[in-house]
Amino acid sequence: PEPRFSSNPVSPAEYAAMVHRLPVNPTAMAYLAFFPLAFSTYCARMAAAFGWRPLVFIALVYGLNQGLGESLSFFASQYLLTDAPPAGLGLSPRRFAAVDGFANIPWQMKSAFGLLSDMCPIRGLRRTPYITIAAVAGSAAFATLAVGNPAILAPSLVALLLLFANFSMASPDVMIDAAMAE
């Protein structure tokens, strides 16, 4: 397919017309509104060049998945693993490091996920099925961790569930990076 953007460079005057700038004598309100307006202008330029779907995927993967999802899951997993029973597993620092290291394997294997999706398309699609698989695996893992009683869950099961949760974040990350590189 042909790219939806023009490969012809724009003139400096055309580019200047597309960029949001502060007025000559800015007010306090102009300073407050600068970044939201500049961001919306940037998004409008990106949508005009590439369409709205890449912007939605970028917002979902980098904003929700990595920004909010990672910070909340890493914070919550630290408490789950280190808090004393019955609220947590009460793991020693040595055992915590082992579980955390195992659970973070998907982040070290991101390039393998990218190669797998490029070399083995599912029904002719290279990324969407893999993102869907990661989302289902992560949702199931997070749901099990959320409703599971830490007194009943074994550390090895928690480690496996955290591995799937990290897979659900690392896999879409590399898929979106690959889509943006194309």
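This is a short walk through a predicted model, one selection at a time.

**Stop 1: the H4/H8 packing**

Start by selecting helix H4, residues 93–103, together with helix H8, residues 155–181. Two packed helices are described by the angle between their axes and the distance between the axes. Here the angle is about 35 degrees and the axes sit 8 Å apart. Turn the view until one helix lies over the other, and you'll see H4 pass H8 in a right-handed crossing.

Now show side chains at the contact. On the H4 side, pick Arg95, Val99, Phe102 and Ala103. Their partners in H8 are Pro155, Ser156, Ala159, Leu160, Leu162, Leu163 and Asn166. Colour that set by residue class and you get 8 nonpolar, 2 polar and 1 charged.

**Stop 2: three serines on H3**

Next, select helix H3, residues 52–82, and show Ser71, Ser73 and Ser77. What does each side chain reach for?

- Ser71 sits in H3, and a polar atom of the Ser71 side chain lies 3.0 Å from the backbone oxygen of Leu68.
- Ser73 is also found in H3; there, a polar side-chain atom is 3.2 Å from the backbone oxygen of Glu70.
- Ser77 lies in H3 too, with a side chain that reaches the backbone oxygen of Phe74 at 3.1 Å.

Switch on a surface and check these serines again. Which are buried, and which are exposed to some degree? Ser71 has a relative accessible area of 40%, so it counts as partly exposed. Ser73 comes in at 12%, so it is buried. Ser77 has a value of 10% and is therefore buried as well.

While Ser73 is selected, expand to its contacts: leaving out residues up to four places away in sequence, Ser73 touches Phe142 and Met169. For Ser71, try a distance label to Trp107 instead. The two are 36 residues apart in sequence, and their C-alpha atoms are 14 Å apart in space.

**Stop 3: aromatic pairs**

How many aromatic pairs does the structure hold? There are 3. Begin with Phe34 and Phe35: the ring centres are 5.1 Å apart and the planes meet at 75 degrees, so the pair is edge-to-face. Phe35 has a relative accessible area of 63%, so it is exposed.

Then jump to Phe113 and Phe167, another edge-to-face pair, with 5.1 Å from centre to centre and 75 degrees between the planes. This pair links distant parts of the chain: Phe113 belongs to helix H6, residues 110–119, while Phe167 is in helix H8, and 54 residues separate them. Phe113 counts as buried because its relative accessibility is 13%, and the cut-off for buried is under 20%.

**Stop 4: two backbone oddities**

Hide the side chains and look at the backbone. Select Pro85 and Pro86: a cis peptide bond joins them, with omega about 10 degrees. Pro86 lies in the loop between H3 and H4.

Last, select Arg123, in the loop between H6 and helix H7 (128–147). What is phi here? For Arg123 phi is near 55 degrees, a positive value in a residue other than glycine. Bring the surface back for a final look: Arg123 has a relative accessible area of 85%, so it is exposed.

Note on methods:
Residues are numbered from 1 along each chain as its sequence is written. This is a predicted model: local features need pLDDT of at least 70, side-chain atom pairs count only at pLDDT 80 or more; totals for chains, interfaces and linings use all residues. Side-chain values use heavy atoms; hydrogens and water are left out. Axes are lines fitted to C-alpha atoms, for helices over the stretch in contact, and angles run from 0 to 180 degrees between N-to-C directions. Helices (H or I, at least four residues) and strands (E, at least two) are DSSP runs, numbered from the N terminus. A crossing is left-handed if the near helix is turned anticlockwise from the far one by less than a right angle, and right-handed if clockwise. Contact means heavy atoms within 4.5 Å. Ala, Val, Leu, Ile, Met, Phe, Trp, Tyr, Cys and Pro count as nonpolar, Asp, Glu, Lys and Arg as charged, and the others, Gly among them, as polar. Buried means under 20% relative accessible area, exposed over 50%, partly exposed in between (1.4 Å probe, protein chains only). A polar contact is a pair of N or O atoms within 3.5 Å; within protein, one must be able to donate a hydrogen and the other to accept it, and residues adjacent in sequence count only if both atoms are side-chain atoms. Rings of Phe, Tyr and Trp (its six-membered ring) pair if their centres lie within 6.5 Å; planes under 30 degrees apart count as stacked, over 60 as edge-to-face and the rest as tilted.
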